[in-house]
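Student: Could you take me through one part of this structure closely? I would like to look at the place where the domains meet, and then at what surrounds it.

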Amino acid sequence: MFVPTPPMGYNTWNTFGEEISDSLIRETADAMVDNGLLDAGYKYLVIDDCWSERSRDPATDRLVPDHVKFPYGMKSVADYVHSKGLKFGMYSCDGVRTCADYPGSFGHEFLDARTFAEFGVDFLKYDNCYKPESVPGYMLYRKMGIALENCGREILFSACNWGCDDVHRWIRSTGASMYRSTGDINDNFKSMTEIALSQIDNYCYSAPGCFNDIDMMVAGMFGSGNVARGEVCTLTDYETHFALWCLLGAPLMIGCDVRSMKPEIRDLLTNRELIAINQDIEVRPAYRIDNVWSDKSLVLFRHLSGGEYALGMFNLTDGPHGMYVTTNDVGLDSHSGLALQCRDVISGEEFRPEKDYFRVNDVPAHGCRIFRCRFVKA
Ligand code: GLA
């Protein structure tokens, strides 16, 4: 399935883990529409692990939804999700069991793909636990890729092998549209920034059709839910988290409880300027610009379509400080006759064109400034 820009949606795992149910999915679907998430582009509602019975149906060998959690079956859930204008996603695993110890799809790939198609699934997250080591990872993703492409329904293939087996090199060839490149995120600043930093140099492999996925977001969780570890995040932490995912061009999968999200989190996750950067049609990787303050900061620059550019200044330290970028480092020289003009996408502030360097003095601790830029005559 060809996907032109990073997929956007919601996934149950970060907040709910095993605590999923028919009513949770229906209420989440309602909330995604009512909170403007669907309008902003978040169209996939994905049920992660723990949705099935602990064993397959002995008569048919099929995966069966947990009768208590999903008493009306999955087709009924899918129909409801579709009735709200959303797409429906589910989860399985290339091993003999899923990561939370439910039946995996190993040896059942084609049957399971047909089952998902019958449920009305539009998106499959495919994990990597309990995989036989005698089989190379790429074979298992190839197999499910073919099974999904031939199951009679268009299903986005979302691979999740945490960056193992040099996944960047072969995942695009399996038919996957996105692929997890890191271990699991936790709801704290260190985890989210380490995950993002670990993939900056690998975003050159992310392009229309198949995207590097640095995990579902934790923005809005504030220490509640399934992946809370360590210090509870502030709103500033989450602004940096979301801006990083947007600048890098990562898939945007929301992980907080969207039924009770704070208005400021809703506003952040639906920020049209940041989403426009994330969804830029050219899907070019951002690159890092180092300078003497690099130990305290991260500066990312990204070419966008239409002769525009995105610039992100991220202060990863515990105190406020200034940040800058020289125009040389983005490709200008003193004979170019050009200057860099920046507009802060959050405050709207327009800065005067700069020939030599662009500097801001006040990036708060853990905070960021994100700009949309152009080159103008100096
Ligand atoms: C793995 C994945 C997570 C989640 C859990 C479910 O850890 O990386 O994103 O799907 O399994 O058990």
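Tutor: Happily; what follows goes from the domain interface to the cores, and then to a few individual residues and salt bridges.

Please keep in mind that this is a predicted model. The domain assignment divides the protein into domain 1 (8-278) and domain 2 (287-377). Taken over C-alpha atoms, the centres of domain 1 and domain 2 lie 32 Å apart. Their contact involves 20 residues from domain 1 and 19 residues from domain 2.

How much area do domain 1 and domain 2 bury between them? The value is about 1,600 Å², with 72% of it on carbon and sulfur atoms. On the domain 1 side, the residues that lose the most area to domain 2 are Leu-247, Glu-273 and Ile-277, which together make up 37% of what that side buries.

There is a polar part to this interface as well. Across it, 1 salt bridge is found between domain 1 and domain 2. Glu-273, listed above for the area it loses to domain 2, also forms a salt bridge with Arg-343, at 2.8 Å from N to O. The interface further holds 6 residue pairs in polar contact, both residues being at pLDDT 80 or more. As for the elements involved, α8 (189-199), α9 and α11 (272-278) each bring at least two residues to the side of domain 1 that touches domain 2. Of the elements on that side, α9 gives the most, with 9 residues.

Now to the nonpolar interior. In soluble globular proteins, nonpolar side chains tend to be buried together. Here the largest nonpolar core has 94 residues, and the members that touch the most others are Tyr-42, Trp-51, Phe-242 and Trp-245. Helix α9 (residues 235-248) contributes the most to this core, with 8 residues. So α9 turns up in both settings: as the top contributor to the core, and as the top contributor to the side of domain 1 that touches domain 2, a link that rests on how these helices are assigned. The core takes at least three residues from each of domain 1 (8-278) and domain 2 (287-377).

Tyr-42 is a good residue to inspect up close. Leaving out neighbours within four places in sequence, its contacts include Met-8, Met-32, Leu-37, Leu-86, Met-217, Phe-242, Ile-254 and Ile-275. Phe-242 is thus a contact of Tyr-42 and, like Tyr-42, is listed among the members of the core that touch the most others. A second, separate core has 17 residues, including Met-323, Val-330, Phe-358 and Val-363.

Next, a polar residue in a buried position. His-168 sits in helix α7 (residues 167-170). It counts as buried because its relative accessible area is 15%, below the 20% cut-off. Its side chain makes a polar contact of 3.1 Å with the side chain of Gln-199, and another of 3.3 Å with the side chain of Asn-202. Beyond residues up to four places away in sequence, His-168 touches Tyr-179, Ser-181, Gln-199, Asn-202, Tyr-205 and Asn-212.

Two backbone positions also deserve a look. Cys-50, in the loop between β2 (44-46) and α4 (73-83), has a positive phi near 85 degrees without being a glycine. Asp-215, in the loop between β7 (211-213) and α9, is not a glycine either, and its phi is about 95 degrees. Cys-50 is buried, at 1% relative accessibility, and Asp-215 is buried too, at 2%.

Finally, the charged pairs. How many salt bridges does a search of the whole structure find? The search gives 25. One of them joins Lys-131 and Glu-133 at 3.7 Å, N to O; Lys-131 is buried at 11%, whereas Glu-133 is exposed at 69%. Another pairs Arg-259 with Asp-257 at 2.9 Å, N to O; here Arg-259 is partly exposed at 37% and Asp-257 is buried at 17%. Asp-362 and Arg-369 form a salt bridge as well, with their closest N and O atoms 2.9 Å apart. Asp-362 is partly exposed, at 49% relative accessibility, while Arg-369 is buried, at 12%. Through shared partners, salt bridges connect Asp-344, Glu-349, Asp-362 and Arg-369 into one network.

How values were computed. Residues numbered from 1 in each chain as written. Predicted model: local features only at pLDDT ≥ 70, side-chain atom pairs only at ≥ 80, totals over all residues. Heavy atoms only, no water. Helix = DSSP H or I, 4+ residues; strand = E, 2+ residues; numbered from the N terminus. Buried < 20%, exposed > 50% of the residue type's maximum accessible area, 1.4 Å probe, protein only. Polar contact = N/O pair within 3.5 Å; in protein donor to acceptor, adjacent residues only side chain to side chain. Contact = heavy atoms within 4.5 Å. Core = buried A, V, L, I, M, F, W, Y, C linked by side-chain atoms within 4.5 Å. Domains from an automatic or database assignment. Buried area = accessible area lost by both parts, 1.4 Å probe. Salt bridge = Lys/Arg side-chain N within 4 Å of Asp/Glu carboxyl O.
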